[in-house]
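Please keep the model open in your viewer and follow the stops below in order, changing the selection at each one before reading on.

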Amino acid sequence: MIKLNGIYKKFKDHEVLKGIDLKVKKGDVLTIIGPSGSGKTTFLRCINFLEKPDHGTIQIGEKLVIDAHKPSKRDILQLRRQTAMVFQNYNLFQNKTVLENITEGLIVSQKKKKSEAIQIAESLLKKVGLSEKRDEFPSSLSGGQQQRVGIARALALNPDVILFDEPTSALDPEMVGEVLTLMKEIAREGITMIIVTHEIDFAREVSNHVVFMEGGHIVEEGTPEEVILHPTKERTKQFLRRLNKEPEFVI
Amino acid sequence: MTVFNIQFAIEHFPEVLKGVPITLSIAAVSIIIGSVIGLGLALTRVYKVPFLQQLTIVYVSFIRGTPLLVQLYVFFYGVPELLDWVNKTFTTTWNADNISPMWYAFMVYSMNAAAYTTEIFRAAINSIAVGQMEACHSVGMTTWQGLRRVIFPQMFEMALPNMGNIFINLIKSTSLAFAVKVVEIMAISKMIANQGYNFLEMYSVATIIYWIICLLLELLFYYLEKNVGKHRRKTAAVAN
């Protein structure tokens, strides 16, 4: 139900994405792994046009197909209204309370009634365990709490897919757990997710489809079993070996 | 001639006070019109709108690089000439004599405020993380909705201390408006002083009035800064 074809992106002379094809089915939890600079974040941002690809098409659902050569403003808006994103730096609206952060999209872009939006937001805050923070501003929350609000904000929109851009990379180690636990819970509910992450164990556990990217290409894709446990490509093996390397020093 | 005639100063104090509403209205009107124009100009620079961006750069540089007094004169003598030319070319009958000096003041001070607020707003918007707008887009808002609901509120808060500076500077620079025959604090003081050569007395009165106005404005902006943007204060509380 999400189909990406030949996504190509160049920053000045640097080709970041060299034509990527990917299909995501409804209910899929897809993780994208790969070394830094492999283009995985750029690719994810192309999916909701935060980054405009130079070539390629993006199809979401049956009807909406966007050609990167001539995207209409309305199509991009529609695409964004069918997707949601969780950011590495949370990007909560700094001038809005926790509750308003969640209701904002519902009221402004989905034109829901305020009372209905508040109801949705409150139930989601309960789900992410932050009901008592509803009237606080983001700056008074810890990183983990902010990211949980970010996830609640994305869930509230009831999108076709939620895009996660390294959602735990900016967190203190002790807060990574709370966010990953929440994401596992969401994954179990059958929400379509595309996750860029460095947490290989998490990817193995939670996803049904793993993509290994390097140098703007998809090197290998398949089930976690295939890609993470039994990779066939030398480059994938090398990448995973480095991550799993035994510590060099034991104190 | 006596030394400082305090009696004279006190006696004429109320008369000079009559200029205060004029001074305040020039400053208030121009900060409002100037901010609206300035916001528009700032956006042309933030979004790098071709052509308009360059125009903004030239405009800001021109206004900031020429003395206010000269700008006042150029308008005061230029606009009637321009109307003459328009009348001749299009056979209209505009009459420059009907333009009150206040209009010249409003125009020039607004243009002036616009140039300075452009820079303030531009800096304020640039200091807001790009992620804020990306988040707006990600929840399906249009750029304009994002600007209005998320970027502008943060921008105003960020710009507030600098806006206070501009406003106080405007108040003080209205003292030049007497050059285009606006009867404000400075003009009144001068006229009274002229009658008996009590220049020191009357300029002292003007000084005190300007200072009181600016003092009150400083207090107002101090209050605004404390009460706008509660979320930032909380950051500090957490950091401590």
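Begin by colouring chain B by pLDDT: in this predicted model the chain averages 91, and 95% of its residues score at least 70. Then select residues 235-240 of chain B, where pLDDT stays under 50 and for which the model has 3 contacts beyond four places in sequence. For the model as a whole, the scores to keep beside the picture are an ipTM of 0.93 and a pTM of 0.88.

**Between the chains**

Next, show chain A together with chain B and select the residues in contact, of which 26 come from chain A and 20 from chain B. The size of an interface is often given as the accessible area lost when the parts come together. For chain A and chain B the buried area is about 2100 Å², with 58% of it on carbon and sulfur atoms.

Turn now to the polar side of this interface, where 9 residue pairs, both members at pLDDT 80 or more, are in polar contact across chain A and chain B. The interface also holds 2 salt bridges; one of them can be displayed by selecting A:Glu104 and B:Arg149, whose closest N and O atoms lie 2.3 Å apart. To see which parts of chain A face chain B, highlight α2 (73-81), β6 (83-86) and α3 (98-108) of chain A, the elements that give two or more residues to that side. Coloured by class, the side of chain A that touches chain B shows 10 nonpolar, 9 polar and 7 charged residues.

**Within chain B**

Hide chain A and colour chain B by its domain assignment, which gives domain 1 as 1-19 + 183-229 and domain 2 as 28-178. If you place a centroid on the C-alpha atoms of each domain of chain B, the two centres are separated by 28 Å. Selecting the contact between these domains picks out 14 residues from domain 1 of chain B and 13 from domain 2 of chain B.

How much area is buried between domain 1 and domain 2 of chain B, and what share of it do carbon and sulfur atoms give? The buried area is about 1200 Å², and carbon and sulfur atoms give 85% of it. A search for salt bridges between the two domains of chain B returns 0, and the count of residue pairs in polar contact, both at pLDDT 80 or more, is likewise 0.

Finally, select α8 (185-196) and α9 (199-227) of chain B, each of which supplies at least two residues to the side of domain 1 that touches domain 2. On that side α9(B) gives the most, with 8 residues, and the classes there come to 9 nonpolar, 1 polar and 4 charged residues.

Definitions and conventions
Residues are numbered from 1 along each chain as its sequence is written. Chains are lettered from A and ligands numbered from 1 in the order in which they are written. This is a predicted model: local features need pLDDT of at least 70, side-chain atom pairs count only at pLDDT 80 or more; totals for chains, interfaces and linings use all residues. Side-chain values use heavy atoms; hydrogens and water are left out. Contact means heavy atoms within 4.5 Å. Buried area is the accessible area (1.4 Å probe) that two parts lose on being put together, summed over both. A salt bridge is a side-chain nitrogen of Lys or Arg within 4 Å of a carboxyl oxygen of Asp or Glu. A polar contact is a pair of N or O atoms within 3.5 Å; within protein, one must be able to donate a hydrogen and the other to accept it, and residues adjacent in sequence count only if both atoms are side-chain atoms. Helices (H or I, at least four residues) and strands (E, at least two) are DSSP runs, numbered from the N terminus. Ala, Val, Leu, Ile, Met, Phe, Trp, Tyr, Cys and Pro count as nonpolar, Asp, Glu, Lys and Arg as charged, and the others, Gly among them, as polar. Domain bounds come from an automatic or database domain assignment. pLDDT is the predictor's confidence in each residue, from 0 to 100.
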